[in-house]
Amino acid sequence: MKKFLSIILSICIIFTIFTMPATALVVEPAVENVEQLSVSAALADPEILNFLIENDELNELYKAQEEIRNFQYDITAAYTRESLGNFNISANDVQNVSEKYNLQLPSETVSKVIDNGTINIQRNSLGKIIDVWYIYYTVTSKSFSVRAALVDADNPLDLVSGTITRYYLNNSTWKTKDSKPFKKAIVTKGTVYTWTVPKWGVKEKFEYNTTVSDNGLKHNYNNVNEDNFVRYNFEAKPYKSFSANGGQRHHFVPATSLRSNDYDSNTAYCIRMMTEDHKKTGSYGSSKYVAEMTNLLSDQKYEDALQKEVDDLKSKYDCEGIAGNLQQKYFDEVVTCLIKYESLFEIN
């Protein structure tokens, strides 16, 4: 009898399987890989762009980018307040100057995308995108932060952990200064970890080794030997008030042009630059460039003169090949000089 019932049960199971709707047999393919792309590369991919739009995440990505932009305005405003001794300068002032002279932020492409992190594209075994998240980093004169975006509150990353290492440049060799481990479970969007670490060396860089654990899988990200999160001990101050410290002091407006128009070049604001960067500037050893600047000041075309300096720095690339153009590399100092020279020239 038991054998007979077993046979009948088997037949019923087989019949049920073959008569079951096809959709009930579909099993979601397992996750196979996570593709890592820069922000600009991800936004240039129609498939990824459509996924972000369909899942209402494109605006969140733009919001994260805007937060990075506003964060830069905040830290530049703090730098400028200290450099000028003017505590009335706000992030809005920095933004207004940046937009007026069409400045590029550090890590910002010509298409206005800030490439300072990784867009992670999670696919199933059929190659279909099933999730996207964004891990990015910010560095200031006082800290280094790991941040996340595009992570839903109801579907957090299980764990984000890793190590941040700080190096300083000793002559031409990188030396390890210190390091900091970090770990955060159940990660949604926002700050994952901030390492408060004031700058020490004339030039420092941060390397991260980050692991994201999610759904039983681990994904690693690092920027070893990329030198893309660097900070410097540059300054923008009156020429006679500070030293070159192994670099050179660059008059944001040429000293000869200032003197020719009855301005004191010794109290005029300059930027401490690396020597090889300074040699690339338009006014370095170019009498033609200096004459053009002198004439602009004589004609009281002050905004044109400042724009000429900005455009010149934007057209010259970092001597180290890692920070983009010189305007981006010396962003804080350029903003400081623009605000100071607008005051000097009485530009409203």
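**Exercise 1. Classify P238 by its accessibility and place P238 in the fold.**

At 21% relative accessibility, P238 counts as partly exposed, because buried means under 20% relative accessible area, exposed over 50% and partly exposed in between (1.4 Å probe, protein chains only). Before going on, note that this is a predicted model, in which local features need pLDDT of at least 70, side-chain atom pairs count only at pLDDT 80 or more, and totals for chains, interfaces and linings use all residues. Residues are numbered from 1 along each chain as its sequence is written, and side-chain values use heavy atoms, with hydrogens and water left out.

Step 1: find the element. P238 lies in strand β11; strands (E, at least two residues) and helices (H or I, at least four) are DSSP runs, numbered from the N terminus.

Step 2: list the partners. Leaving aside neighbours within four places in sequence, P238 is in contact (heavy atoms within 4.5 Å) with N266, T267, A268 and Y269.

Step 3: add a distance. S161 is 77 residues from P238 along the chain, and their C-alpha atoms are separated by 44 Å.

**Exercise 2. Work out the strand order of the sheet that holds β11, and find the helix that packs on it.**

Step 1: read the order. The sheet is open, has 3 strands in the order β11-β13-β12, and its pairing is antiparallel. Two strands pair if DSSP finds at least two bridges between them.

Step 2: find the edges. β11 (236–238) and β12 (248–251) each pair on one side only, so these are the edge strands.

Step 3: look at the twist. On average, neighbouring strands of this sheet are turned by 45 degrees against each other, direction ignored.

Step 4: check one pairing. β12 and β13 (residues 269–273) share 4 bridges in the antiparallel sense, and R249 has R272 in β13 as its bridge partner.

Step 5: add the helix. α11 packs on the sheet and touches β11 and β13, with a direction about 170 degrees from that of β13. Such angles run from 0 to 180 degrees between N-to-C directions, and axes are lines fitted to C-alpha atoms, for helices over the stretch in contact.

**Exercise 3. Describe how α4 and α11 cross.**

Step 1: take the geometry. The axes of α4 (residues 58–84) and α11 (residues 331–344) come within 9 Å and cross at roughly 55 degrees.

Step 2: name the angle. The two helices are therefore oblique to each other; angles under 35 degrees count as roughly parallel, over 145 as roughly antiparallel, 65 to 115 as roughly perpendicular and the rest as oblique.

Step 3: identify the residues. On the α4 side, Q72, T76, Y79, T80, S83 and L84 meet F331, D332, E333, V335, T336, I339 and K340 of α11.

**Exercise 4. Decide whether β4 is buried or exposed, and find its partners.**

Step 1: count. In β4 (residues 143–149), 7 of the 7 residues are buried, so the strand is largely enclosed by the rest of the structure.

Step 2: separate the faces. S143, S145, R147 and A149 are buried on one side, and F144, V146 and A148 on the other.

Step 3: follow the pairing. β3 (residues 129–139) pairs with β4 in the antiparallel sense over 6 bridges, and a hairpin joins the two through 3 residues. β7 (residues 190–196) also runs antiparallel to β4, joined by 6 bridges.

Step 4: pick out A148. I135 is bridged to A148, and A148 stands opposite G190 in β7.
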